[in-house]
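User: I'd like to learn how to read a protein model, one feature at a time. Could you walk me through it?

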Amino acid sequence: TPDSRLVVAGLSDGSIVTWNGSDDGNEDDLQVVQAHNGSVTQLAVSPDGTTVASGAVDLDSADATEDSTVKLWSVTDGGGLKPSDELTVPPAAFGLEFVGDGRQLAVGGQGAFAMADLETGKVRRAELEFEATRSLAAGPDGTTLAVGLGDGSVHIYGVDSLTEQGKPLQHPGRVTGAAFDPTGKVLITVAARVSLASARTR
């Protein structure tokens with residue numbers, strides 16, 4: 001979490017574990033919730049550290065065209081998680097990112113990504129022409145979102161309009177990670193074929 005109070009981890013059995021960071025080896029410091037039927041493949045923590053978002057891929061399901069569910073959890077005073085809300089989003093892929101002050105959540109998917117308003121519950125979608133997201137990164141001011149795809153391209157979208165801005169960047173392999181620097185002017189991306197790139201965004 002941003003305040004370094006908790007470590008949050010998603011497991012292949014669908015559970016989420018929180019740990020308060022103590023080094024005394026006490027198992028009571030670990031708290032577990034059963035969150036999803038499939039492997040927890042993505043987690044995000046809100047900027048204020050009070051909310052955790054989780055997404056999963058059901059490895060036993062052969063249908064990648066059905067909408068999936070992202071779950072929201074409130075962080076308790078004791079460091080555990082309690083259910084807060086659920087969002088219906090595009091078919092599961094990779095990428096989960098709180099945007100700006102945490103009132104919006106970007107969710108990656110198959111053939112689309114979504115931007116969910118956590119106050120109203122409204123979910124907006126942007127189509128990706130059959131490509132799947134592999135990573136997401138929100139600019140620090142909450143106005144831009146970098147979307148890394150399986151074909152190695154990285155696209156910059158405006159958060160309010162969900163329209164693409166400028167030309168995409170290109171890697172030789174799928175884009176597995178992306179992050180803006182604190183100024184929001186530089187985007188760093190990494191691809192599966194061990195390539196690293198940085199680009200000025202403005």
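**Reading strands, contacts and surface**

Analyst: Happy to! Let's start with Val7, which sits in strand E1, residues 7–10. Keep in mind throughout that this is a predicted model.

User: Is Val7 buried, partly exposed or exposed, and what is its relative accessible area?

Analyst: Val7 has a relative accessible area of 42%. It counts as partly exposed because that value falls between the 20% and 50% cut-offs.

User: Which residues make a nonpolar surface patch with Val7?

Analyst: Trp19 and Leu30 join Val7 there, and the patch covers about 250 Å².

User: Let's move to Asp3. Where is Asp3 placed?

Analyst: Asp3 belongs to the segment before E1. With a relative accessible area of 48%, Asp3 is partly exposed.

User: What does the side chain of Asp3 reach?

Analyst: One target is the backbone nitrogen of Arg5, at 2.9 Å. The Asp3 side chain also makes a polar contact with the side chain of Thr1, at 2.7 Å. For a view beyond these contacts, look at Gly49: 46 residues separate Asp3 and Gly49 along the chain, yet their C-alpha atoms are 6.9 Å apart.

User: Now the sheet. How do strands of a sheet pair?

Analyst: The general idea is that strands pair through backbone hydrogen bonds, in either a parallel or an antiparallel way. In this model, 6 strands form an open sheet with antiparallel pairing, and the order is E8-E9-E10-E11-E12-E13.

User: Which strands stand at the edges?

Analyst: Those are E8 (92–99) and E13 (169–170). Each has a single partner strand, so one side of each is left without a neighbour in the sheet.

User: How many bridges join E9 to E10?

Analyst: Strand E9, residues 104–117, pairs with E10 over 6 bridges in the antiparallel sense. To find one of them on screen, pick Ala114, whose bridge partner in E10 is Arg125. The two strands form a hairpin with 5 residues between them, and Gly121 in the turn has a positive phi of about 85°.

User: And how many bridges join E10 to E11?

Analyst: Here 5 bridges link E10 (residues 123–138) to E11 (residues 144–149), and the two strands run antiparallel. Two positions to look up are Leu136, which stands opposite Val147 in E11, and Ala138, whose bridge partner in E11 is Leu145.

User: Which residue in the turn between E10 and E11 has a positive phi?

Analyst: That is Gly142, with a phi of about 75°. E10 and E11 form a hairpin with 5 residues between them.

Definitions and conventions
Residues are numbered from 1 along each chain as its sequence is written. This is a predicted model: local features need pLDDT of at least 70, side-chain atom pairs count only at pLDDT 80 or more; totals for chains, interfaces and linings use all residues. Side-chain values use heavy atoms; hydrogens and water are left out. Patches are made of residues with over 30% relative accessible area and no salt bridge: like charges are joined within 9 Å, nonpolar side chains (Val, Leu, Ile, Met, Phe, Trp, Tyr) within 5 Å. Accessible areas come from the Shrake-Rupley method with a 1.4 Å probe; for residues, only the protein chains shown count as cover. A salt bridge is a side-chain nitrogen of Lys or Arg within 4 Å of a carboxyl oxygen of Asp or Glu. Helices (H or I, at least four residues) and strands (E, at least two) are DSSP runs, numbered from the N terminus. Buried means under 20% relative accessible area, exposed over 50%, partly exposed in between (1.4 Å probe, protein chains only). A polar contact is a pair of N or O atoms within 3.5 Å; within protein, one must be able to donate a hydrogen and the other to accept it, and residues adjacent in sequence count only if both atoms are side-chain atoms. Two strands pair if DSSP finds at least two bridges between them.
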